[in-house]
Amino acid sequence: MNRKLYIIAWLLGMTILMPSICFSRNRSIDTLVLYRVWTYANQQRQANTSLKQSTAQKDDSTSKNVYIACTFKTNRRNPTLFLVPTMYSIAKGDKEFIAEAYYKMTFRNASQYDLHRQVVYGTIPRNRTVMPNMLQYMTPNLYHETLYSGQILSPFYYANRFFYKYRITPVNNSLYMVRFRPRTNNTQLIKGHAFIELETGRINSINFEGEYDMVSFNVTANMNRDEDIILPEHCMTEIQFKFLGNNINATCRAYYNCPISLPDSIDNVEDPQLMEKLRPTLLTANEKEIYDSHKPVEKDTLLQTTDTVARRNKFTDFLWNKIGYNLVNSTRADAGAASMRISPLLNPLYFSYSKQRGFAYKLNVGLRYNFNEHRYLTLNPQMGYNFKLSQFFYTAPLRMTYNPKRNGYAEATWANGNRISHASLVNDIIEEKGEDFDVPEFKDEYFQLVNNVEAFDWVEIMTGLVYHRRSSTNRQVMSEIGLPEEYRSFAPMLTLHFKPWQEKGPTLTANYERGFKNVLKSNLDYERWEFDLSYKHKMKSLRGINVRTGTGFYTRRSSGYFVDYTNFRDNNLATGWDDDWTGQFQLLDSRWYNESNYYVRGNFSFESPLLALTWVPLIGHIIEMERVYISGLSIEHRRPYIELGYGFTTRYLSTGFFTSFLGNKYEGFGCKFTIELFRRW
């Protein structure tokens, strides 16, 4: 038995310590080259930090002019291509398209930037954006932990060295070629080669290939010699997208030091003559052929079109470009200071399933009006439907931000929650009506008005009012047994957020709520306290630890029927991997949230891109991230509740498997999944 425990402990230790094991041979040229690359990378990160601080102090930034030309070739396609976000525009008609764009790239620091498209031209209908995720592959951050904003581990980051094998070959006395390949076939890793300057460790050029988020890519980049900005001089990216029989190839060319600068007032202008002047290189033969094949129809031919055909084409265009496009793509509109965004109506990303809550779907809407850069109004309603509960959920927060630097805002929220009941109410009705009687539930609608401001660098204060209206689904029964048909509560509230360690430590929250009777027909009197601690600790190589713990209790209650906590409640709307399942109980009965005078909870998870399944042949290739969950709960009149889980995310869906225990007794098993198709598109 002791030997088995020793082996298990050794395996767990290896899982944690593996990334720190060095493979290199002492005093070899291999070690020297890689050591200088890692040293150069560290110098670049320090320069990045210095540039970020100086930029913040000077309130200015560095900008580059970027030209990008992309061609798309459809090898095979079928009607399912219409359902792929951003691919709707090339799902019919010609099989080859070209898109050119001229950007102003403004750097916040050496590796973070904003892209402003100034001029656009091409053959894609209405110059819509196709496969916007391609742009990230044009600017790999070779010296950072990840190549692309939190994804794909860089082989030139010191902490990632365990995941790669290297082979060094001299080209001449000052230049070496480094070949790298992953130790396991995983979507978070790449293979390729780079040419390294021996004296400095700087990457001169690189070629690598990989597969991530539904696309295979091959990148060739010649790096910029600018020491302040980590950016290619020229980059060529080839991408292949395969999905349900569709096969699309894309080729992109990017040039990053274009000499012509345009005024900021030029915004997304379609101008072929201007693009001709801005283009830093000649079009390729294939690009010319695509343009030639899309020459406009002669004017005389258009005049021969009958009125009937014209009306039919106009109606078809409306169905195609307006209704059909917006079904599978986010709707965006800007009108001066006002803007709007609506998530697609046919959006698999917001579809989820769990054993406890069944199937659910949600829709997001975003509205914004800018009074000026320091004051703006936003309305971000979320709506969803739970098929198991046959209930429509909504939350509509209207926020006026008046001090962004201090997170100062006033917000009004109207929302509903689960239909709830309570053990005490059930017992009272059964005692009066009998066990065979169908106990009514209560619909819960609430309105909340708050004001939030960061009083100090580490303290935020939120004050407000919250009003609940809980109405019975069977008013007649409540009237017959002499109980109110509605329960209303009115309560001032105070919430304090403490961040003494800023972003490097936990956030502490204290919440106080006091309900009063006879205000706006309120008939509930209560006093509630809650305390919460949440902490996300980011480790190297995309690993991380998430912790949340807290408690809440009532010190005064005029009725035993309803309990409602701020930090301990059921989540009604669908959530994905990025929304973080850590702070939730996946198998907990929804009644438990509303039946106890107190609760004590704790949630813990550890996540890593290469934990367990990623090392399994065949299936390990598509695993992006993995998590281990441990959650515990204690409430009144219940034995301690424990929930254990394991989850992983892929390009297709996020999946979690959970099991629960009540005291020392096995309680149940369940799973949860959310569709993750095209979540980065």
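This is a short talk on a predicted protein model, covering its confidence, one buried residue, a nonpolar patch and some salt bridges.

Okay, confidence to start with. The protein averages a pLDDT of 80, and 80% of the residues score at least 70. Where does the confidence peak, and where is it lowest? It's highest in strand 25, residues 507-515, at 95, and lowest in helix 5, residues 299-303, at a mean of 39. Two other stretches to keep an eye on: over residues 6-27 the pLDDT is below 50, though that stretch still has 21 contacts in the model beyond near neighbours in sequence. Residues 55-60 are also below 50, with 3 such contacts.

Let's go back to strand 25, which is where you'll find Asn 511. Is Asn 511 buried or exposed? With a relative accessible area of 3%, Asn 511 is buried. Its side chain has a polar contact of 2.6 Å with the side chain of Thr 495. If you leave out residues up to four places away in sequence, Asn 511 also touches several others, including Met 493, Arg 528, Trp 529 and Thr 566.

Now out to the surface. Phe 604, Val 628, Ile 630, Ile 642 and Leu 644 make a nonpolar patch of about 360 Å². Strand 29 (625-635) and strand 30 (641-649) each supply at least two of the patch residues. Ile 630 sits in strand 29, and at 44% relative accessibility Ile 630 counts as partly exposed.

Last topic, salt bridges. How many does the structure hold? There are 21 salt bridges, and I'll pick out a few.

Glu 211 meets Arg 651 at 2.7 Å, N to O. That pair links distant parts of the chain, 440 residues apart: Glu 211 is in strand 9, and Arg 651 is in the loop between strand 30 and strand 31. Glu 211 is partly exposed at 26%, while Arg 651 is buried at 4%.

Then there's Glu 454 with Arg 406, at 3.0 Å. Here the partners are 48 residues apart, with Glu 454 in strand 22 and Arg 406 in the loop between strand 20 and strand 21. This time the Glu is the buried partner: Glu 454 is at 18%, whereas Arg 406 is partly exposed at 30%.

Glu 276 and Arg 279 also pair up, with the closest N and O atoms 2.9 Å apart. Glu 276 is exposed at 52%, and Arg 279 is buried at 13%.

And to finish, Glu 445, Arg 469, Glu 486 and Arg 488 are linked in a network of salt bridges.

Terms used
Residues numbered from 1 in each chain as written. Heavy atoms only, no water. pLDDT = per-residue confidence, 0-100. Helix = DSSP H or I, 4+ residues; strand = E, 2+ residues; numbered from the N terminus. Contact = heavy atoms within 4.5 Å. Buried < 20%, exposed > 50% of the residue type's maximum accessible area, 1.4 Å probe, protein only. Polar contact = N/O pair within 3.5 Å; in protein donor to acceptor, adjacent residues only side chain to side chain. Patch = residues over 30% accessible without salt bridge, like charges linked within 9 Å, V, L, I, M, F, W, Y side chains within 5 Å. Areas by Shrake-Rupley, 256 points an atom, 1.4 Å probe, with all protein chains shown as cover. Salt bridge = Lys/Arg side-chain N within 4 Å of Asp/Glu carboxyl O.
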